[in-house]
Amino acid sequence: MADDGVRYEFKSVQAIRGIEARSIAKWQKAGWEFVDQSQGTLRTTLNFRRPKPKVPWVLIAVAAGVVLLLAIVGGIAGALGGGDDKDRGPAKSPSEATVVAGGKPSETPKPAESASGESDADQVLTVENSKDLAALLAVRDYCDETIGTFAAKYEDRTIEFDGSIASMSNHGDYKTRYDILVHPGDKGPKSVVGPAFKFEDVNLSDLHLTGANIPDSVGTGDLLHVVARVGKYNPGQCLFFLEPVSTRIR
């Protein structure tokens, strides 16, 4: 497809409902122009394009010359490098070739205890006491590989943070069970930082709502204070699953 003599390459990506803006910003930063989108039940297809780079014929000729030169040099090296294996000495076994530091193996450190006697493994992680959580909540790409690293390191630990509902949809055919997407901060669907946290297949009671004013319902854009247990991270979907421990409307 051409436009004023410019040829384009095209890309289509799937974005989770509620975080289309973040996906568009991500690909635009990478040099892609947003074209249009089509919404599905759970995901939105985003279409992008960018001009195909023009390769000068001079570069093609130079590349061909380099390949030919490497082939000639390789042939000469092969001819000069021949010889019997016995001239090279006996091959070393992996144990001989590897240098191992001496000394006794260190003992696995025991979890440190806080002043209250609570071990670090039982401590609720917050942005104040955990640099890892603070960094997690500030990532710009919700598919960042550090999210999976955090999930693996802190699986089953409890985290606490302020967030907002980016999207909320019925789970399957259920009328009172939902899949809720939560982002750090106060911007809901317009959030541009942090992972895509998901409460999957939950009803209102599963959120364990607390506070002076417990609502009869929650919805997109609501501000939450979340205490939740760390679950699995799905890198294919870029979803970080959490199990609610307590939730308060802010």
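Here's a quick tour of a few spots worth a look in this structure. Keep in mind that the model is predicted. The stops are a nonpolar core whose best-connected members include F150, the one disulfide in the structure, strand residue E200, and helix α1 with its buried residues.

**The nonpolar core**
- The largest nonpolar core has 42 residues, and the members touching the most others are F150, I159, F161, F197, F199, F240 and L242.
- Strand β9, spanning residues 223-234, is the top contributor to this core, putting in five residues.
- Zooming in on F150, and skipping anything up to four places away in sequence, you'll find it touching L125, D132, L133, L136, I159, V230 and F240.
- As a bit of background, nonpolar side chains in soluble globular proteins tend to be buried together.

**The disulfide**
- There's one disulfide here, and it ties C143 to C238 with an S to S distance of 1.9 Å.
- This pair bridges distant parts of the chain, 95 residues apart: C143 sits in the loop between α4 (131-136) and α5 (145-153), while C238 is in the loop between β9 and β10 (239-249).
- The torsion about the S-S bond of C143 and C238 comes out at about 110 degrees, so this disulfide is right-handed.
- How accessible are the two ends? C143 has 26% relative accessibility, so it counts as partly exposed, whereas C238 is buried because its relative accessible area is just 7%, under the 20% cut-off.

**E200 on strand β7**
- E200 belongs to strand β7, which covers residues 197-202.
- With 40% relative accessibility, E200 falls between the 20% and 50% cut-offs, so it counts as partly exposed.
- Setting aside neighbours within four places in sequence, E200 makes contact with H171, Y178, D179 and F241.
- E200 and I180 are 20 residues apart along the chain, yet their C-alpha atoms are separated by 6.4 Å.

**Helix α1 and what covers it**
- Helix α1 runs over residues 20-29, and its buried residues are E20, R22, S23 and I24.
- Those buried residues of α1 are covered by elements including strands β2 (6-16), β3 (33-39), β4 (43-51) and β6 (178-184).
- Just past the end of α1, G31 adopts a positive phi of about 100 degrees.

Technical notes:
Residues numbered from 1 in each chain as written. Predicted model: local features only at pLDDT ≥ 70, side-chain atom pairs only at ≥ 80, totals over all residues. Heavy atoms only, no water. Core = buried A, V, L, I, M, F, W, Y, C linked by side-chain atoms within 4.5 Å. Buried < 20%, exposed > 50% of the residue type's maximum accessible area, 1.4 Å probe, protein only. Helix = DSSP H or I, 4+ residues; strand = E, 2+ residues; numbered from the N terminus. Contact = heavy atoms within 4.5 Å. Disulfide = S-S within 2.5 Å.
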